[in-house]
Amino acid sequence: MKYSWSFLVGYPFDFLHAMFFRMLAPLFAECRAKAACPWVVGGHRGRIYEDNSAAVHKYVAESTDQEIVWISANPELTRELRSRGYKVLRKNSWKARLAMIKAPVVIFSHGEDDIDQFFRYFRKSAGLRIHLNHGQNFAKTGYFAVPAAASWNERKRREMQKKFADFDYMLAGSEYEKQMFLKAMPYKPESAFVPNCGCAHVDKLILASKGEPEGRILWFPTFRDDAADAEQLDRMETDVLHSETLRRYLEKTGKKFTLVRHVNSGTGSFGDVAPCFEIRDVQEIGNLLPTAECLVSDYSSIAIDWLIFDRPLVRFAFDVERYTRKRSFYIPLEEFTVGKDVRTADELAEFIASEEWKDRTPYIAKIEFYKNRIFPNLEPTHTEICVAKIRELLHQRQAT
């Protein structure tokens, strides 16, 4: 990871600033206990407004009398959310840290650095800490679930544990997802994982799935954390966006092919592409997904959300052999056969142009099997249930 000079110079001062608030935190214990101050929530390290944290924030801000603050590290996002009337504070700022040590509840989706770079150092001085996870936990495994973890000694396990987010409770969408969390974080007690009250973001998808798609093929590849793998992804994206086979098909049918890059993949540069191709910002993924006739993805958990739509999926895992040397999966890729597998840009283009992707018949049994296990509730009530559970957990803490 590359750091700017301003970050490196400012880091020690920012750390001391955070430690100052750690010392102040005990002064606000009564405020936290009485639940008189706003909740604090963030996600995606403050970069974008998506997934479970955003769903909970929006519901609390608009449908309850509970005050809530969103933590943002993106100035453009801050302006947008404030224009909607939301209270937003800048990540790592004086006001944000003060809000955190006063908050009865702090909520995050990816990890503690969603809300503050140094939250781990004053986590024990905070209120109730709720981990929502950013999506569905059925795709890529965490470090503790990979086979190599079985060989770790106790010292190694303790060292690795310190690197990961701590929390009081993690909310799961189902009993099935709770089992995935237990595999991901075996160092946490089972009681820390609460089933049937998570995945708040799916309400939006459930409602949107009832509409008609807009003739869009949506491609969302996950990021590659190795430089060589990231370059290969860039080349593959370029090949697809300049495919003559795909261009002719799109122009003939009037469909649009949309690439959405993962937030960790950057923006990319692909030269001039035909108007039937487009590259859209990841912030738009929640709105783009319902407009798609077909989703193209690889190892992303977005394929899990896509089950809600009952529409075709194409798995474009072009680097599967290399990728699976480093990552494992809760549901093995060879088991999660809910759509056609393609491995090259040409194969992807030809398969889409053939329109064979419209036939989901070979995959219906697997789709229904996983859909029923992952989404036992297909009513748009997940966010309401999620917020009610957070209130219940907060009341339990206040009573003890």
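Is R129 buried or exposed? In this predicted model, R129 counts as buried, with a relative accessibility of 4%. The residue belongs to strand β5, which covers residues 128-131. The side chain of R129 forms a polar contact with the side chain of D166, at 3.1 Å. Apart from neighbours within four places in sequence, R129 is in contact with V106, F108, E112, F119, R123 and K124, and also with D166, F167, D168 and Y169. D166 therefore appears both as the partner in the polar contact and among the residues in contact with R129, which is buried at 4%.

The loop that runs between β5 and α6 (154-162) contains A149. A149 is also buried, because its relative accessibility is 4% and the cut-off for a buried residue is under 20%. When neighbours within four places are left aside, the contacts of A149 are with Y143, F144 and R157. A149 and Y49 are 100 residues apart along the chain, and their C-alpha atoms are separated by 33 Å.

Helix α10 spans residues 244-253, and its buried residues are L246, Y249 and L250. Viewed down the axis of α10, these buried residues fall within an arc of 95°, so they line one face of the helix. The pattern follows from a general property: an α-helix has 3.6 residues a turn, so residues three or four places apart point the same way. The elements against which the buried residues of α10 pack are two helices, α9 (227-241) and α14 (345-354), and two strands, β9 (256-260) and β10 (277-280). At the N-terminal end, α10 is capped by S243, which has a side-chain oxygen 3.5 Å from the backbone nitrogen of T245. Just after α10 comes G254, with a positive phi of about 75°.

A positive phi is also found at two residues that are not glycines. One of them is R45, where phi is about 55°. R45 is located in the loop between β1 (39-42) and α3, and it counts as partly exposed at 35% relative accessibility. The other is E355, with a phi of about 65°. E355 lies in the loop between α14 and α15 (364-374) and is likewise partly exposed, at 29% relative accessibility.

The loop between α14 and α15 also holds Y363. At 19% relative accessibility, Y363 counts as buried, because the cut-off is under 20%. Y363 touches T337, V338, G339 and K340, not counting residues up to four places away in sequence. From Y363 to E347 the separation is 16 residues in sequence and 19 Å in space, C-alpha to C-alpha.

F336 is placed in the loop between α13 (320-323) and β13 (340-342). The relative accessible area of F336 is 10%, and the residue is buried. Outside the neighbours within four places in sequence, F336 is in contact with A303, I304, L307, R315, I331 and Y370. F336 and N196 stand 140 residues apart along the chain, with 22 Å between their C-alpha atoms.

The packing of two helices is considered last. Two packed helices are described by the angle between their axes and the distance between the axes. Helix α3 (residues 51-63) packs with helix α16 (residues 382-399) at an angle of about 80°, and their axes are 10 Å apart. The two helices α3 and α16 are therefore roughly perpendicular to each other, because angles of 65 to 115 degrees count as such. On the α3 side, the contact is made by A55, V56, Y59 and V60, and on the α16 side by T383, E384, C386 and V387. By class, the residues of this contact divide into six nonpolar, one polar and one charged.

T383, one of the contact residues of α16, is buried, with a relative accessible area of 6%. Without counting residues up to four places away in sequence, T383 touches A55, V56 and Y59, together with A200 and D203. Of these, A55, V56 and Y59 are among the residues through which α3 meets α16.

Note on methods
Residues are numbered from 1 along each chain as its sequence is written. This is a predicted model: local features need pLDDT of at least 70, side-chain atom pairs count only at pLDDT 80 or more; totals for chains, interfaces and linings use all residues. Side-chain values use heavy atoms; hydrogens and water are left out. Buried means under 20% relative accessible area, exposed over 50%, partly exposed in between (1.4 Å probe, protein chains only). Helices (H or I, at least four residues) and strands (E, at least two) are DSSP runs, numbered from the N terminus. The arc is that of the directions from the helix axis to the C-beta atoms. Contact means heavy atoms within 4.5 Å. A polar contact is a pair of N or O atoms within 3.5 Å; within protein, one must be able to donate a hydrogen and the other to accept it, and residues adjacent in sequence count only if both atoms are side-chain atoms. Axes are lines fitted to C-alpha atoms, for helices over the stretch in contact, and angles run from 0 to 180 degrees between N-to-C directions. Angles under 35 degrees count as roughly parallel, over 145 as roughly antiparallel, 65 to 115 as roughly perpendicular and the rest as oblique. Ala, Val, Leu, Ile, Met, Phe, Trp, Tyr, Cys and Pro count as nonpolar, Asp, Glu, Lys and Arg as charged, and the others, Gly among them, as polar.
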